[in-house]
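Q: I'm new to this one and would like a close look at a single part: the helix packing inside the first chain. Could you walk me through it, and then show me what lies around it?

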Amino acid sequence: MDSAQTAIEAGAITLRQKLGFAAFVSTLFIAMPIIFGRSPYFITVLTNAAVLSFVSLGVWITFSIGRMNLAQGAFALVGGYTTAILATRCAVSFWISLPLSGFASAILGALIGWPVLRLRGVYFAMITLSLTEAIRLLALNGGDVTKGATGIVNIPRPGAISIFGLTVIPAFAGADPLPYYYLACTLLVLGLFGVWRLSTSRLGWVFRSLRQNEELAASIGINVAKYRVMAFAACCFMGGIGGAFFAAFHQNIYPASYTVADSVNFLLYCFLGGLSYIFGPVVGAFLLVISFELLQAAQQYQALIYGVLMIACMLWLPNGILSLDLRPLLRRKE
Amino acid sequence: MAILEVQGVTKRYGGLTAVNNVSFLVEQGEILSIIGPNGAGKSTLFKLISSFVPPSSGQVIYNGKIITGLAPHEIARLGVVRTFQETTIFKEMTALQNVVVAHQLRCKASSLGIYFATPTARADEARFRESATEILDYLGLGTVKNVQARNLPHGHLRALGVAVALATEPKVLLLDEPFAGMNVDETDAAVRMVRGIRERGVTIVLVEHDMSAVMRISDRILALNFGVKIAEGTPAEIRQNDSVIEAYLGRTDEELGH
């Protein structure tokens, strides 16, 4: 643990970390499509898990400044509607509206975050929870802009990207979810890399200093409000990107596309995977999304079994699944 | 010349006046102690100077500039830095990381620069690391710099709190009870440490209960009682001051460090 931490501190990556990441990336991009390529259902589940991981990584950033953020659903909704409106009304390409949706969410997040981030603990959690509900109601009563409860449907699929007549990415067509899957994995890998940079740079240390003691941070000249907003905006950016992706993936968005339950889930993925690991939200999201699907077979007991499993994890692995130390097991085998 | 000037500051919490119209000057390079019984308003006065709480009236002037109303981090950036009672440090970092993070205000790179590890950011990083190591060595923490702060013993934590404050290169250092909970030997070491910091050109204002340490270390002493300044002077003057003996100590001379 200690040696790993000094490695992180120096910004250096150990060989094991590099190999682990390479294995993760090749599993995502090569192994999974080969194994599940013929099952659109499984590919869809994996796509969901990848983008939900990406969105939860944002929530993980707000954890690093010591805030429990239950507003990520709201910012996914904002991102989703931004893409939906830009695509259906202004015929903006998905590839342009994707980053724009992220920025729209980030700007809104910064504006709301500035006053709201003064609150801590359960007060911050409560107000962000209300925010998820408030944005849903806003979408519901948005009149012609959001089309109310009907939502925005028939959002065009992402088009082709060509540079100098050369098609780099072909248009997403038909019912095959594979192109979306590759896009989702690309987002996840970029997101992981981005958050890893953030967390290991001195910005990450400043964020953690806020979590540990905001007063002390202020006393040594750290502009607490500025860095809090920065972390929250980064989180909202990721929420917005995720929302935009799902809007294009499902080709529709409704006020109920993201509810309080979704905001809670993003938080749970972080908890379950482990808050002190960047991979925490990824492990949590993949495990929960996939296990929820596997439990489909259990029919009406699905939610019950799922709930019991969750409670068991929280009881026996309070620091997340990644805190599970498998080394003694491996040693015995050797 | 006075580096810090406190002009008639008052702080009321509802019906309670914690600090009542207190004025004093802090001269460049001196060690000024603020003494007083529990609840005399010493800590509140500290929070008022470092802007952690706003005064009900009055103002604080630093180097000819009114600093009242600025945010705490802005005051720290100007060079007025406080420490905290007890052991307020970043517990989940090593001693070295604590002090490196405390260099943040001397950062030349922008946030984006830090993110993308530009040459400026890397130069900052190297400079901070070097300076942090120097500060830790100076305060006798060199051997424990890679220990998680939460695993450090009490005395080391106190010194680490001072190291964190020193990393900001303060002009005025406000020490909140630097000798509390220390035995005689630890106090002696801490007194030497505070003197050493002053020799580095830092003006020191401290709040303290330990009378013998205060008498040894201070150039001047300010006595508070019920939020009111009752005396100000050299240790010798304070020792003989009737109102201090009566109103604040009310006990034998022994406690005044005789």
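A: Here is a walk through the helix pairs of chain A, followed by the neighbouring chain.

A quick word on the ground rules: this is a predicted model, in which local features need pLDDT of at least 70, side-chain atom pairs count only at pLDDT 80 or more, and totals for chains, interfaces and linings use all residues. Residues are numbered from 1 along each chain as its sequence is written, while chains are lettered from A and ligands numbered from 1 in the order in which they are written.

Chain A has 15 helices and four strands (DSSP runs numbered from the N terminus: H or I of at least four residues for helices, E of at least two for strands). Its radius of gyration is 20 Å, close to the 20 Å that the globule rule gives for 334 residues, so chain A is as compact as a globular protein of that length. That radius is taken over C-alpha atoms, and the rule is 2.2 Å times the number of residues to the power 0.38. Along its principal axes, the C-alpha trace of chain A spans about 55 × 50 × 50 Å.

Now the close look. Helix α4 (residues 72–89) of chain A packs against helix α5 (residues 94–116) of chain A at an angle of about 140°, with the axes 8 Å apart. Axes here are lines fitted to C-alpha atoms, for helices over the stretch in contact, and angles run from 0 to 180 degrees between N-to-C directions. α4(A) and α5(A) are therefore oblique to each other; angles under 35 degrees count as roughly parallel, over 145 as roughly antiparallel, 65 to 115 as roughly perpendicular and the rest as oblique. Their crossing is right-handed, meaning that the near helix is turned clockwise from the far one by less than a right angle. Among the residues making the contact are A:F75, A:V78 and A:L86 of α4(A) and A:F94, A:L98 and A:L108 of α5(A). Contact means that the C-beta atoms, placed from the backbone, lie within 7 Å. By class, the contact of α4(A) with α5(A) has nine nonpolar, eight polar and no charged residues. Ala, Val, Leu, Ile, Met, Phe, Trp, Tyr, Cys and Pro count as nonpolar, Asp, Glu, Lys and Arg as charged, and the others, Gly among them, as polar.

α5(A) has another partner: it packs with helix α11 (residues 224–250) of chain A at about 145°, with axes 7 Å apart. The crossing of α5(A) and α11(A) is right-handed, and their contact divides into 17 nonpolar, nine polar and no charged residues.

Further along, helix α12 (residues 260–273) of chain A meets helix α13 (residues 280–294) of chain A at about 110°, with axes 7 Å apart. That makes α12(A) roughly perpendicular to α13(A). Residues such as A:L268 and A:F271 in α12(A) and A:P281 and A:L288 in α13(A) take part. This contact of α12(A) with α13(A) has eleven nonpolar, three polar and no charged residues.

And the neighbour? 26 residues of chain B are in contact with 21 residues of chain A. On the chain B side, α2, β6 (80–82), α3 (95–101) and α4 (111–115) each supply at least two residues, and α2(B) gives the most, with four. That side has 14 nonpolar, seven polar and five charged residues.

Technical notes
Contact = placed C-beta atoms within 7 Å.
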